[in-house]
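The following exercises concern helix geometry, helix packing and residue burial. Each task is followed by a solution in steps.

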Amino acid sequence: MTEPTSTLLAKRPESPEPPVVGRDTLCTTVRTHLTGGGGVLLTGPAGIGRTTVLTRLTAELSARGHRVLSCSPSPSERDTPYLGLIDLLAPVGDDTLAELAAHERAVLEGALLRSTPPTGTDPATGRDALVLRIAVRKVLARLGAAGPLLLAVDDAQWLDEPTAAILAFLARRAGPGPAVLAALRTGGVTEEEPGHPSDRAHGSESALELCPRPVRKVPVPPLTAHQVATLLEGHDHPAWSRPLVARLHQASGGNPRTALELSSALDERVRIEGGDLPDSTEPLPVPDALRLPILHRIDALPASARQMLVIAGAAVRPTVELLRRAGCHRAPADIDTCVRRDILQVSDHGTIRFLDPLTPMVLQAETPYAALANAHRALADASEDPVERAHHIARLTAGPDPAVAARLADAASAARRRGAPGTAARLGRLAAEYTPAGGTHADTDRLLTAAEDGLDAGDLDFARQLAHEVLSDADRPADRVRAWNVVIDSCGQAMAEIADVFTEAVHDAAGDPGLLAQLHYRMSWREWMVGGSAARAHGHAVRAAGLAARTGDRRTELMALSQQAALELFLGLPEAEETLAAALSAPHDLHAMIHHNGPIYLKHRFHLVRDELDEARAELRTLIYRLRQRGSADSLSQCLIGLAQVEILRGRCRPALTIAQQSLRIVEQVGLSQGPAWYAVSLAETAGGSLSQALAAAEAARQHSEDDDDRLFLPRALHAEGRIRLFSGQHEQAAELLRRTAELETAQGQRDPATRRWHADLAEALARSGATEEADAVVNRARRQAERLRRPGVLATLDRAAAVVGEARGELGRAAAGFEDAAARLRAAGYPLEEARTTVALGRVRRRLGDEVASHAAFAQALRIFTKAGARAWVLATRAERDRAEDGSARLPDLGSWSERLTSTERSVVARVAQGATNREIAAGLLLSVKTVEAALTRAYRKLGARSRVEITRIVMTRPTA
């Protein structure tokens with residue numbers, strides 16, 4: 001389910017400086033590397049954001065004490081010798097150059113055009129070339145002695161050769177030197193950069209030579225769909241609907257500049273010219289700034305290659321063999337030409353892909369109709385796939401044709417069977433369009449089937465549009481209710497926005513029990529999500545199952561029984577198991593069995609409450625395998641979310657993070673509600689990633705859930721954020737968030753603490769913030785429920801929470817015994833991360849009791865578990881807790897800046913320690929005394945909580961700079 005699409009909204013207030021979007025992790029990586037010296041080469045195509053990243057990094061490093069010398073050459077300046085050097089040294093005063101030997105100064109000033117060089121001096125050749133390089137090195141060494149120095153070279157592909165040679169000479173020299181940050185454009189030729197790509201094949205290698213060792217090549221990645229939406233918002237673009245943002249993301253390939261220009265063209269068409277928003281079958285408007293460079297590149301190709309591109313752009317899945325059969329006799333040679341010019345990419349299996357997603361769009365818009373028709377005709381004759389052949393035949397047919405309509409409907413069915421609902425939806429709509437008007441209602445049925453396929457594909461705009469087409473003139477109750485069901489299902493988590501739909505749908509059902517069963521099933525979901533009442537939702541689910549059984553609608557019956565069982569589990573009702581068994585019994589319905597709200601998915605949740613993690617994982621893996629072959633994007637995303645949570649519980653943090661990120665990519669690509677996926681990413685980042693990233697994900701999950709008025713997922717998002725606050729020592733904030741979680745879940749009627757396991761975390765947050773009586777009450781209430789339902793895993797976490805309460809009250813002996821018992825029970829239940837978390841608490845209490853041996857053993861055991869699980873942040877936290885003899889909660893460290901705590905001198909010393917330099921080498925490089933270096937290092941040890949140079953190195957390499 002996802003949020004319903006909105007039309008063009010009012011613009012937001014202007015922002016003077018749009019924020020840099022989606023580059024925080026990349027900037028942290030580059031900053032960390034540059035702080036220790038060496039070089040970084042940023043690479044990426046035009047518009048990807050290399051200059052934006054470089055500008056942000058130089059500004060941040062400059063503000064933190066680095067002296068930055070920069071240049072940004074242009075194409076016209078490539079043949080102007082020493083222009084890059086002139087720009088780099090422009091801020092350097094003559095007083096610095098005055099410290100050079102006379103001949104060195106004369107040669108350097110001559111190259112910089114600050115004076116006329118002596119007669120016979122030629123800095124480009126011979127001895128003078130070496131003198132110039134030595135002079136530049138001496139100048140930079142003097143500047144570096146005063147503090148960290150960074151050379152920044154943007155668009156390194158246009159740097160003049162003499163300057164590049166000097167920087168390469170500097171990079172090869174041993175000993176301390178300036179850090180270098182360079183940016184290189186990669187990809188195809190543009191109107192700004194003449195020449196053939198093969199002429200610049202050495203560009204990346206040459207640019208790497210500008211950077212001193214250690215050097216790191218960092219590609220600037222494309223933005224995700226979520227980041228594109230944030231980018232557009234930050235640049236004051238209209239608030240496009242999620243599906244439309246997904247199309248902008250797909251068309252731009254995640255390139256920020258391209259996305260902004262496409263959005264501007266769309267805004268101009270809609271707001272200024274008064275046009276309509278394009279539906280999912282219409283191409284997006286492409287502005288001349290993007291269109292003309294593509295046309296120029298295509299016009300430069302041979303005629304046969306241009307014709308081949310037209311046919312490839314019209315194909316559903318172009319391959320080398322298909323193009324050859326379609327009449328492109330020079331296909332291999334033409335494809336090779338296009339590959340060398342960065343227009344196409346060919347896989348090992350011969351599948352062809354356009355590197356720029358805009359190229360086929362521009363080709364379709366610019367190619368005359370007759371030529372496009374010939375391309376479709378050739379592809380229809382060449383295609384061996386009935387689905388693709390039907391697609392091309394439809395493009396050649398004008399007006400209704402029952403034979404073509406039937407062929408398209410058959411092709412849609414074939415696409416559906418092979419697990420391609422998006423293709424089925426498009427073919428089904430074409431089938432409806434080619435169906436002659438008449439009294440058979442075939443066109444209506446085909447439209448509704450196409451809409452349902454659109455739902456499965458995640459194309460919610462398309463599905464909703466077809467449903468409203470049916471509602472505009474359909475008169476049969478079954479058709480109208482079926483269309484209303486599409487409208488309801490397309491709204492996803494945001495069911496609050498369609499309150500009036502249910503009244504109209506019930507009216508259209510005209511008392512038909514079969515139609516009412518479908519509506520009561522959906523009303524159950526709305527009552528739970530929006531009404532916040534599991535009890536009322538249960539009543540609707542029971543009624544839906546009964547009506548569906550009476551009318552023989554097995555699919556609706558199974559879905560309603562699954563919903564009924566889920567609610568009974570949440571409410572702690574004993575009949576939940578029996579209801580689930582009924583939903584799993586024969587006869588089965590394939591749609592219900594692979595749906596994320598169906599009985600198979602629900603079965604894994606029953607395994608979870610019984611602490612059967614392996615069984616839950618097996619159910620989900622089987623279901624995901626089937627969904628990848630044939631299923632909806634929504635169901636696949638939800639099952640991946642479930643699997644990520646299971647892997648976290650099993651102590652497999654790295655796979656969990658990968659799976660959660662897969663789920664997020666799916667919902668971003670198809671425009672589904674993102675709250676649940678961000679929730680899963682938050683859990684996975686907390687377990688095995690970055691605490692700061694986890695918090696950002698939790699906040700995103702909460703924002704999406706609040707925007708959707710989704711009371712079902714909002715408490716989960718609050719719980720995720722509360723856990724992070726708890727682990728980072730923000731106990732009062734954690735308690736407030738977790739109190740809200742408890743209020744929402746209790747109001748909904750939760751009576752089984754194993755369904756949403758927030759109780760122990762709330763009790764711990766309360767105890768650590770001083771509310772021990774309230775914490776006791778939370779533990780006792782949850783314990784009664786867990787004992788009644790026999791939930792050993794929940795009881796073990798409650799035992800830990802009770803031990804935390806004892807610790808907060810100073811009852812250390814009781815707390816230690818409680819932690820030991822809880823850790824043993826969690827180990828028996830199979831929750832390694834919870835066991836290790838409990839063992840860390842035990843180690844802290846043992847230390848407070850004065851038993852250092854037992855304390856160290858507990859920390860060592862926790863470290864073994866966290867390391868094996870890949871719980872990176874927990875490993876760092878546990879090491880810090882083990883090595884620091886002080887009281888306080890075992891919390892995840894603030895994985896933020898190490899450099900912000902230090903003075904500029906301390907930062908410089910620490911950075912060189914991390915590189916492996918001795919104190920004497922550091923003193924020589926910084927022009928300091930050895931005693932000054934030792935004093936700075938001692939202060940840095942204290943501020944960073946480090947005890948050795950090894951720990952200093954680990955801190956620098958694992959934490960970002962400020």
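**Exercise 1.** Determine what end-to-end span helix α44 (residues 872–883) should have in this predicted model, and which of its residues are buried.

*Solution.* Helix α44 holds 12 residues. The expected span is 1.5 Å times one less than the number of residues. At 1.5 Å a residue, α44 should therefore span 16 Å. The C-alpha atoms at its ends lie 17 Å apart, which agrees with the expectation. The buried residues of α44 are A873, W874, V875, L876, A877, T878 and E881.

**Exercise 2.** Classify the packing of helix α19 (residues 402–417) against helix α20 (residues 421–434) and describe the contact.

*Solution.* Two packed helices are described by the angle between their axes and the distance between the axes. The axes of α19 and α20 come within 8 Å and cross at roughly 165 degrees. Angles over 145 degrees count as roughly antiparallel, so α19 is roughly antiparallel to α20. The crossing of α19 past α20 is left-handed. On α19, the contact is made by P402, V404, A405, L408, A409, A411, A412, A415 and R416; on α20, by T423, A424, L427, G428, L430, A431 and Y434. Sorted by class, this contact has 13 nonpolar, 2 polar and 1 charged residues.

**Exercise 3.** Repeat the classification for helix α34 (residues 675–688) and helix α36 (residues 714–727).

*Solution.* The axes of α34 and α36 are 9 Å apart, and the packing angle is about 20 degrees. Angles under 35 degrees count as roughly parallel, so α34 is roughly parallel to α36. Helix α34 passes α36 in a left-handed crossing. From α34, Y679, S682, L683 and T686 meet R716, A717, A720, I724 and F727 of α36. The contact of α34 with α36 comprises 6 nonpolar, 2 polar and 1 charged residues.

**Exercise 4.** Decide whether H249 is buried or exposed, and whether E557 is buried or exposed; then describe the surroundings of each residue.

*Solution.* The cut-off for buried is under 20% relative accessible area.

- H249 is located in helix α10 (residues 242–252). Its relative accessibility is 16%, so H249 counts as buried. Leaving aside residues up to four places away in sequence, H249 touches L223, T224, A225, V228 and G254. L262 is 13 residues from H249 along the chain, and their C-alpha atoms are separated by 9.6 Å.
- E557 is located in helix α27 (residues 554–571). With a relative accessible area of 17%, E557 is therefore buried. Leaving aside residues up to four places away in sequence, E557 touches A545, A548 and A549.

How values were computed. Residues are numbered from 1 along each chain as its sequence is written. This is a predicted model: local features need pLDDT of at least 70, side-chain atom pairs count only at pLDDT 80 or more; totals for chains, interfaces and linings use all residues. Side-chain values use heavy atoms; hydrogens and water are left out. Axes are lines fitted to C-alpha atoms, for helices over the stretch in contact, and angles run from 0 to 180 degrees between N-to-C directions. Helices (H or I, at least four residues) and strands (E, at least two) are DSSP runs, numbered from the N terminus. Angles under 35 degrees count as roughly parallel, over 145 as roughly antiparallel, 65 to 115 as roughly perpendicular and the rest as oblique. A crossing is left-handed if the near helix is turned anticlockwise from the far one by less than a right angle, and right-handed if clockwise. Contact means heavy atoms within 4.5 Å. Ala, Val, Leu, Ile, Met, Phe, Trp, Tyr, Cys and Pro count as nonpolar, Asp, Glu, Lys and Arg as charged, and the others, Gly among them, as polar. Buried means under 20% relative accessible area, exposed over 50%, partly exposed in between (1.4 Å probe, protein chains only).
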